Amino acid sequence: MAQVRPIMHFPTGGDGLFKGEGADPIQEEHLRMGFAKKFQYADTHCGDPRAYDPKGDYLCRDCNMFVPNGECLLVFGAISGTKGSCRHWENKDAGDAELDFANKISKDMAGYGETPLDGFGCKRCQYRKDANTDSVGRDDICKQGNFHVLDTACCALNNTPKMKIDFPETAEQKAIQKKADSDPTLPEGVSTWGWAVR
Ligand code: SF4
Ligand code: SF4
């Protein structure tokens, strides 16, 4: 008989997020590696080392694709060196030549956002909560993934309070954004991408 992959289930709370203290270390590492692959999670022991910012800020100005005039080699349109970031953040390395893309990708495709805070990172994410410390010093739990994280880690699901994630360019997109902004039923500061609420 063909083997079928198991599915891991964990209890959730009233906010729909995982409410426990994580799983056993082997399960947690599997979950963490899944986030590294799907959402570019990275810390000192897991994920792509080029995607880890020891400062835990993950701002465009520290990314290998940032152009100091406020542009990006990969993402289309104006970006902010001091407020912006995206899922493709990569630390600077003079040995890593970048392509000047002929056609750039959209902000939406990159998961680009701008925060009113001093950066991104798990330490500023609304999905993080305090926890006991694991064997390598991670002392937070990610309520989206049910595993321990470092507060200097980050991933593409990061949700810092009042983060701007919609950058409409056409008249039609601007009209949709205006309607959504005036809808009192939509929770403030919750991403409209990733775990979409719209
Ligand atoms: S938009 Fe993304 S790829 Fe471009 S500089 Fe910012 S973090 Fe880097
Ligand atoms: S706490 Fe936030 S940024 Fe950190 S892994 Fe979880 S969702 Fe991603």
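Q: Helices here are DSSP runs (H or I) of at least four residues, numbered from the N terminus. With that in mind, which residues make up helix H1, and how many are there?
A: This is a predicted model, and in it H1 takes in residues 25–39, 15 residues in total. A helix needs at least four, so H1 qualifies.

Q: What comes right after H1?
A: Gln40 follows H1, and its phi is positive, near 60°.

Q: How does the reach of H1 from first C-alpha to last sit against what's expected?
A: The expected span is 1.5 Å times one less than the number of residues, which for H1 comes to 21 Å. H1 reaches 20 Å, close to that.

Q: Which residues of H1 are buried?
A: Glu28, Leu31, Arg32 and Phe35. To be called buried, a residue needs 20 or more other C-beta atoms within 10 Å of its own.

Q: What makes it fair to say that the buried residues of H1 line one face?
A: Look down the axis of H1: the buried residues fall within an arc of 100°, so they share one face of the helix. In general, an α-helix has 3.6 residues a turn, so residues three or four places apart point the same way.

Q: And what's on the face of H1 turned away from its buried side?
A: That face carries Ile26, His30 and Lys37, which are exposed. The buried side, meanwhile, has a cover that includes strand E7 (147–149).

Q: Why does Tyr127 count as buried?
A: The cut-off is 20 or more other C-beta atoms within 10 Å. Tyr127 has 20 such neighbours, so it counts as buried.

Q: Where does Tyr127 lie, and what is it in contact with beyond its neighbours in sequence?
A: Tyr127 is in the loop between strands E4 (113–114) and E5 (128–130). Setting aside residues within four places in sequence, Tyr127 contacts Leu17, Cys142, Lys143, Gln144, Leu157 and Asn159. Its C-alpha is also 9.2 Å from that of Gly145, 18 residues away along the chain.

Q: Which residues of the largest nonpolar core touch the most other members?
A: Cys72, Val75, Cys122 and Ala153, out of 35 residues. H1, E7 and strand E6 (140–142) each give this core at least two residues.

Q: Which residues come nearest to ligand 2?
A: Of the 14 around ligand 2, they are Cys122, Cys125, Cys142, Cys155 and Asn158. By class, that shell has 10 nonpolar, three polar and one charged residues.

Q: How many charged residues does the shell around ligand 1 have?
A: None: the split is 12 nonpolar and three polar. Nearest of its 15 residues are Cys60, Cys63, Cys72, Cys86 and Trp89.

Methods
Residues numbered from 1 in each chain as written. Chains lettered and ligands numbered in written order. Predicted model: local features only at pLDDT ≥ 70, side-chain atom pairs only at ≥ 80, totals over all residues. Near = placed C-beta within 6 Å. Nonpolar A, V, L, I, M, F, W, Y, C, P; charged D, E, K, R; others polar. Buried ≥ 20, exposed ≤ 12 C-beta atoms within 10 Å, placed from the backbone. Arc of directions from axis to C-beta. Contact = placed C-beta atoms within 7 Å. Core = buried A, V, L, I, M, F, W, Y, C linked by C-beta atoms within 7 Å.
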